[in-house]
Amino acid sequence: MLFTLVLGYRRNKQRSSGDIFSDRSSDPLTQTNFTYNRMHTKITSIKSEPESTSASEHHVFVRRKRSRNPELVTKTEPILPDIEEFAYGKPNVNLPLTKSKPKTQVKPVNPPSNWEKVLEQIRKMRSLNDAPVDSMGCEKAGTSLPPKERRFAVLISSLLSSQTKDHVTHGAIQRLQDSNLLKPETIEKADETTLKNLIYPVGFYTRKAINMKKIAKICLLKYNGDIPNTLEGLLSLPGIGPKMGHLVMNVGWDNVQGICVDTHVHRICNRLGWVVGTKTPEETREGLQMWLPKEEWVPINPLLVGFGQTVCTPLRPSCSLCSVNELCPSAFRAATTPKKKLPGKTKREEL
Ligand code: SF4
């Protein structure tokens, strides 16, 4: 209808001026440079061309609805933390993450009615067999050394223990000690390749060798060769996360500020219903600390780690041999098959 109005306007104009369409065919539509889009176009004006243009050519100017050119839209590439940050569960605050998972609110849990009975049964099971953690855990590092050197040894052992089995960490610590490379002074002077070769095959050995040197330097410059005596100070060291921080505070300074929750403690607490739906060891730590008496905060770690290494294993837990199977809500229902790995994703550096 609008189009008809436009044509009517032009015909009236022609009649009044007497020359506009004088050289045109009978159908002015065929002579008109015209663009019309029924859905997205709106006719806004009709203008004559400048004087240089032939008077017979008239253009209908239309305004198209602008569409966004995707090439002009500035894309912001997501910058993700490197694999080490995932492994340690410690976000790099210097990286502008475009997506960050909101922290789940840990639900308060009342103490499970039978937790003391379950704990007692687990203690009995643990007393029957040794687990790797009993002789090769981080807290066993440098037991023959003076206190200051031992603290540093426990710190380095904790650093190496991430994504690494106890016996592998233990072997690496032994080789470092035999090479006189378990002190900040000697580590700071050693070259990275030497450290890397000595700690191989611990997970992320290249990155850990770099971090060992950084930690040694910080300890020498800021702490007179000792380690930080606060949780904040420990967490500020490269590669040290909350799990390690709490362990080092407990063992190194006899200062209990929280439960050391690793993947074993996290898994078993969820299986036993001691925490509800926690997604990370940090959430489990928060949930557990809400009800577990403080005198249990230190012994719970080696107890459950060893239980996880021998009975309540990640895959195919030995529920039929477990003496709490009548009290455990996950008995005979825990995972029996490994999760399918996504291609290209790995937790370990090449070994
Ligand atoms: S019954 Fe099974 S899942 Fe429950 S604690 Fe024992 S081994 Fe673990």
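## Burial and overall make-up

Of the 351 residues in this chain, 39% count as buried. The model is a predicted one, and its chain holds 14 helices and 2 strands. If you look at contacts between residues at least 6 apart in sequence, 59% of them join residues at least 24 apart.

## Around the ligand

Where does the ligand sit? You will find the ligand in the largest cavity. The residues around it are R271, L272, F307, C312, P317, C319, C322, V324, N325, C328 and A331.

Sorted by class, this shell has 9 nonpolar residues, together with 1 polar and 1 charged. The charged one is R271, and the polar one is N325. Cysteines in the shell include C312 and C319.

## T278 and its partners

A good residue to visit next is T278, in the loop between α12 (263-272) and α13 (281-289). Is T278 buried or exposed? T278 counts as buried, because its relative accessibility is 10%, and the cut-off for buried is under 20%.

Which side chains make polar contacts with the side chain of T278? One is the side chain of N270, at 2.9 Å; another is the side chain of T284, at 2.7 Å. Setting aside neighbours within four places in sequence, T278 is in contact with H266, N270, E283 and T284. N270 and T284 therefore appear both as polar partners of T278 and in its list of contacts, and by number N270 falls within α12 (263-272) while T284 falls within α13 (281-289), the two helices that this loop joins.

## A cis peptide bond

Do stop at Y200 and P201, which are joined by a cis peptide bond with omega of about 10 degrees. P201 has its place in the loop between α8 (192-199) and α9 (205-223).

## Two loop residues with positive phi

Two further loop residues are worth a look for their backbone angles. Q163 has a phi near 60 degrees, a positive value in a residue other than glycine, and lies in the loop between α5 (147-161) and α6 (166-178). With a relative accessible area of 28%, Q163 is partly exposed.

On the other side of α6, N180 is placed in the loop between that helix and α7 (184-189). Phi of N180 is near 55 degrees, again positive in a residue other than glycine. N180 is partly exposed too, because its relative accessible area is 40%, which lies between the 20% limit for buried and the 50% limit for exposed.

Notes. Residues numbered from 1 in each chain as written. Predicted model: local features only at pLDDT ≥ 70, side-chain atom pairs only at ≥ 80, totals over all residues. Heavy atoms only, no water. Near = heavy atom within 4 Å. 1 Å grid on protein atoms, 1.4 Å probe; cavity = no way out; pocket = protein on both sides within 12 Å on 5 of 7 lines; lining within 4 Å. Sits in = over half its atoms within 2 Å of the grid points. Helix = DSSP H or I, 4+ residues; strand = E, 2+ residues; numbered from the N terminus. Buried < 20%, exposed > 50% of the residue type's maximum accessible area, 1.4 Å probe, protein only. Polar contact = N/O pair within 3.5 Å; in protein donor to acceptor, adjacent residues only side chain to side chain. Contact = heavy atoms within 4.5 Å.
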